[in-house]
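Could you walk me through this model in the viewer? I'd like to know what to select at each stop and what I'll find there.

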Amino acid sequence: MTQKDSYEVVVVGGGTAGLSAALVLGRARRRTLVVDAGEPRNAPAAHMQGYLSRDGMSPADFLAVGREEIARYGVELVQDRAVDVGKEGDFAVVLASGRTVRARRLVIATGLKDELPKVEGLAERFGRDVLHCPYCHGWEVRDQAFGVLATTPMSVHQALIVSQWSKDVTFFLHKVTEEELSDDDLRRLAAAGVKVVPGEVTGLVTEDDRLTGVRLAGGTPSGGGTTHHREVLFVAPRAVPQTDLLRHLGAELRETPFGAYPVVDETGLTTVPGVWSAGNAMGFAEQVVNAAAGGYRAGATINGELLMADLDAAVRV
């Protein structure tokens with residue numbers, strides 16, 4: 001192991017959370033490496049919203065600025081993927097390129113992946129007029145004809161929330177039956193003016209590269225079904241947390257309706273000493289602004305812990 005492969009902190013994940021942690025650590029003069037696989041969750045989106053002073057900025061531009069900032073403080077960034085990790089004194093992180101790097105502390109900021117329902121045309125329009133977060137995109141599509149594609153009975157909540165941005169909302173039950181909805185669900189949907197449409201959605205209709213309709217399965221020999229005019233479709237993807245490295249380290253995970261996430265304290269410290277998690281690797285609901293804050297907290301905590309560990313070691317000599 002050469003000196004160039006030894007770091008005080010390795011940050012796995014070069015999204016908002018990872019870059020934020022690396023910025024704090026670089027400014028604290030910690031030898032830090034960011035391992036970036038280059039697959040940010042918000043890559044399909046043309047803009048991000050709700051981040052004070054960066055509202056409307058392209059996610060790609062945001063990350064590019066972040067990379068420039070960490071480089072000013074000597075933080076290294078490598079385009080690679082961490083495929084394994086172990087602990088033999090320090091942590092050893094194995095990269096897909098075959099390189100192994102060591103670190104005294106780790107930040108796991110590997111995010112999550114969105115797994116979309118298998119509906120024709122859905123994936124191609126995700127981040128454009130097929131959306132998942134009204135807080136991220138609701139203002140930009142306000143007052144248009146909304147559809148909401150149910151993935152579970154919990155999709156009722158999404159249909160109710162988006163009704164704040166449009167009074168023309170149709171809730172497509174897709175593979176959810178009306179019997180799976182509670183009486184309270186149905187009462188609230190009616191109160192919000194949301195139209196409930198049973199039947200499986202088979203595809204989207206587009207015109208001039210714009211969503212114009214949602215097509216349902218039909219009973220005709222040709223297979224043609226009813227088409228409902230819609231301009232925007234909201235859908236809740238299945239969240240797939242990227243927690244393989246945390247599992248390899250033996251971190252305790254907690255099951256949620258949106259996947260299994262590490263048990264952490266208020267700074268992001270997992271149940272494995274020396275390992276922090278931030279961003280969507282830590283929780284489903286972490287928006288960009290939350291991820292930046294979580295990375296900052298982790299970075300500052302790690303710097304303080306390293307400082308105290310080194311001072312205590314010096315006292316014992």
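Here is a short tour, first through the nonpolar cores and then to an open sheet and a helix packed on it.

Keep in mind as you click around that this is a predicted model.

**Stop 1: the largest nonpolar core.** Select V10, L33, V93, L106, L249 and V275. Within this core of 21 residues, those six touch the most other members. Now colour the elements that feed it: β1 (6-12), β2 (32-36), β4 (82-88), β5 (90-95), β6 (100-108) and α7 (244-249) supply at least two residues each. Which of them gives the largest share? That would be β6, with four residues.

**Stop 2: L106.** Centre on L106 and show what surrounds it, skipping neighbours within four places in sequence. You should find V10, V85, F91, V93, L249, G274, V275, W276 and I302 in contact with L106. Hang on to W276 and I302 for a moment: both belong to a second, separate core of 20 residues, which also includes L19 and I70.

**Stop 3: the open sheet.** Hide the cores and bring up five strands in the order β8-β15-β9-β10-β11; the pairing is parallel. At the edges sit β8 (130-131) and β11 (195-197), each pairing on one side only.

**Stop 4: along β15.** Select residues 232-235, which make up strand β15. On one side, β15 pairs with β8 over two bridges, in the parallel sense. Label the partners here: V130 is opposite L233, and L131 has F234 as its bridge partner. The parallel pairing of β15 with β9 runs over four bridges, and there you can pick out L149 opposite V235. Next, turn on the side chains of β15. V232 and F234 point one way, L233 and V235 point the other way, and all of them are buried.

**Stop 5: helix α5.** Select residues 155-162. This is α5, which packs on the sheet and touches β9 (146-149), β10 (169-172) and β15. Compare directions while you're there: α5 makes about 165° with β9.

Why is α5 largely enclosed by the rest of the structure? Because six of its eight residues are buried. To see them, select S155, V156, Q158, A159, I161 and V162. Then show what these buried residues pack against: α4 (134-137) and α6 (183-191), along with the strands β9, β10 and β15.

How values were computed: Residues numbered from 1 in each chain as written. Predicted model: local features only at pLDDT ≥ 70, side-chain atom pairs only at ≥ 80, totals over all residues. Heavy atoms only, no water. Core = buried A, V, L, I, M, F, W, Y, C linked by side-chain atoms within 4.5 Å. Buried < 20%, exposed > 50% of the residue type's maximum accessible area, 1.4 Å probe, protein only. Contact = heavy atoms within 4.5 Å. Pairing = 2+ DSSP bridges. Axes fitted to C-alpha atoms, helices over the stretch in contact; angles between N-to-C directions.
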